[in-house]
Amino acid sequence: MKKLITSVIALGLIASASIASAAEMTGRVMTADPATNTIILENGTVMELVNGLTVEGLEPGTEVVLTYDEKEGKNLVTNIAPAS
């Protein structure tokens, strides 16, 4: 019985660790590169746009709110909106 409970707890911890939790960041665009579909914020953070998002229309100096996931050392933007 103890082994079963321990196994269930371990599986629960593994499952909760693998669930992606999105983060949010506000920043000002320094550069937008359509060739790599990435933006670099003024603080030096590199963000890669995914899920059909594009850098089209993102001008340097534009303040944006980015929703992103960090995977394999990359910041993958899943939503981008103008900062208010």
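Here is a short tour of three paired strands and the nonpolar core they contribute to, in a predicted model.

**Stop 1: the first hairpin.** Select residues 23–33, strand S1, together with residues 38–41, strand S2; the two pair in the antiparallel sense over four bridges. To see one of the matched positions, pick Thr31 and look across to its bridge partner in S2, Ile40. Now move to the turn: four residues lie between the strands of this hairpin, and Asn37 takes a positive phi near 55°.

**Stop 2: the second hairpin.** Keep S2 on screen and add residues 46–49, which are strand S3; S2 and S3 run antiparallel and are joined by three bridges. Ile40 is worth selecting again, as Val46 in S3 stands opposite this residue. This hairpin has four residues between its strands, and in the turn you will find Gly44 with a positive phi of about 95°.

**Stop 3: the core.** Next, show the side chains of Met25, Val29, Ile39, Leu41, Met47, Leu49, Val55, Leu58, Val64, Leu66, Tyr68 and Val77: these twelve residues make up the largest nonpolar core. Colour by element, and you will see that S1, S2, S3 and strand S4 (63–71) each give two or more residues to this core. Which strand gives the most? That is S4, with three residues.

In soluble globular proteins, nonpolar side chains tend to be buried together.

**Stop 4: around Ile39.** Finally, centre the view on Ile39 and display what lies within 4.5 Å. Leaving out residues up to four places away in sequence, Ile39 touches Val29, Met47, Leu49, Val55, Leu58 and Leu66, among others. Its contacts also include Thr31, Ala32, Thr45, Val46 and Ile80.

How values were computed
Residues numbered from 1 in each chain as written. Predicted model: local features only at pLDDT ≥ 70, side-chain atom pairs only at ≥ 80, totals over all residues. Heavy atoms only, no water. Pairing = 2+ DSSP bridges. Core = buried A, V, L, I, M, F, W, Y, C linked by side-chain atoms within 4.5 Å. Buried < 20%, exposed > 50% of the residue type's maximum accessible area, 1.4 Å probe, protein only.
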